[in-house]
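Please open the model in your viewer and keep the sequence panel beside it, since each stop below begins with something to select. The stops go from single side chains to sheets, cores and finally the whole chain.

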Amino acid sequence: MVTRLAEQKGIDLLFDALPVLLQERDFGFLILGSGDDRYEVFFDDLQRRFKGRVVFRSGYDEPLAHLIEAGSDMFLMPSRYEPCGLNQMYSLRYGTIPIVRKTGGLADSVRHFDPSTGRGTGCVFNDYDAPAVRWAVGTALDWFADQTTWRRLMHNAMAEDFSWRSQTLKYERVYRDAAAPTDSSKA
């Protein structure tokens, strides 16, 4: 994670979710961010409890943020609300699979992966609670265990195009459709 440590970002969900996940599953967790003291204390404590598996870096460093995002396998964004969000788009470009709560811009830009069809770009969960976070992280870890599935998911993610060129074409299409005469205007 690279995030502001604020309630909006869903950090409170991690109080119950992360310790359980770290006890049950074999993975490392890295977070770069700063904000509310209670969250910084939580991540400092988690780092001490899971030495070598959890790394917390307080503060913000733009080059390091991109190195973390590009070098990670997954990127967790359990936001309470997220009007737009850029990190999920950076993650997709890097092939770092976003794990996001279905809200705002996250819901608009990440599609839940279905291994049976090979479609989707990340792991999307609905409920704003710790069990949903545990489910999502566990699901992504299970996908990761099957490298054929994981490569497909990474390919899907990196194929997403949020460039202005792509978005402009979509806006033009919406405008043309809206300006086109309807059947009722012919009467």
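Select Asn156 to begin, a residue placed in helix α7, where helices are DSSP runs of H or I with at least four residues, strands are DSSP runs of E with at least two, and both are numbered from the N terminus. The model is a predicted one, in which local features need pLDDT of at least 70 and side-chain atom pairs count only at pLDDT 80 or more, while totals for chains, interfaces and linings use all residues. Residues are numbered from 1 along each chain as its sequence is written, and side-chain values use heavy atoms, with hydrogens and water left out.

Is Asn156 buried or exposed? With a relative accessibility of 9%, Asn156 counts as buried, given that buried means under 20% relative accessible area, exposed over 50% and partly exposed in between, with a 1.4 Å probe and protein chains only. Display the side chain of Asn156, and you will find that it reaches the backbone oxygen of Gly118 at 2.7 Å. If residues up to four places away in sequence are not counted, Asn156 touches Phe113, Gly118, Arg119, Gly120 and Thr121, a contact being heavy atoms within 4.5 Å.

Move next to Ser109, which lies in helix α5 (residues 104-109) and is buried, with a relative accessible area of 5%. Its side chain makes a polar contact with the side chain of Gln88 at 3.0 Å; such a contact is a pair of N or O atoms within 3.5 Å, where within protein one must be able to donate a hydrogen and the other to accept it, and residues adjacent in sequence count only if both atoms are side-chain atoms. Leaving aside neighbours within four places in sequence, Ser109 is in contact with Gln88, Leu92, Thr121, Glu160 and Phe162.

The third residue to select is Phe42, found in helix α2 and buried, with a relative accessible area of 11%. Apart from neighbours within four places in sequence, Phe42 has contacts with Leu14, Phe15, Leu18 and Pro19. If you draw a distance from the C-alpha atom of Phe42 to that of Leu106, 64 residues apart along the chain, the separation is 25 Å.

Now show the strands. One open sheet has 3 strands in the order β1-β2-β3, with parallel pairing, where two strands pair if DSSP finds at least two bridges between them. β1 (2-5) and β3 (54-58) stand at the edges, each with a single partner strand, so one side of each has no neighbour in the sheet. Neighbouring strands here are turned by 30 degrees against each other on average, direction ignored. Between β2 (residues 29-35) and β3 there are 5 bridges, and Leu32 stands opposite Arg57 in β3. Add helix α3 (residues 62-71), which lies across β1, β2 and β3 and runs at about 150 degrees to β2; axes are lines fitted to C-alpha atoms, for helices over the stretch in contact, and angles run from 0 to 180 degrees between N-to-C directions.

Another open sheet of 3 strands has the order β4-β5-β6, again with parallel pairing. Its edge strands are β4 (74-77) and β6, each pairing on one side only, and the twist averages 10 degrees from one strand to the next. β4 and β5 are joined by 4 bridges, with Met74 opposite Ile97 in β5. Helix α6 lies across β4, β5 and β6, running at about 160 degrees to β6.

For the cores, select Leu14, Leu18, Phe29, Phe43, Leu46 and Ile99, which touch the most other members among the 37 residues of the largest nonpolar core; a nonpolar core is a set of buried Ala, Val, Leu, Ile, Met, Phe, Trp, Tyr and Cys residues joined through side-chain atoms within 4.5 Å. The largest share of this core, 8 residues, comes from α6. A second, separate core of 11 residues includes Val2, Leu32, Leu106 and Val124.

Finally, zoom out to the whole chain, whose secondary structure comes to 9 helices and 6 strands. The C-alpha trace spans about 70 × 35 × 30 Å along its principal axes, and buried residues make up 44% of the 187 residues.
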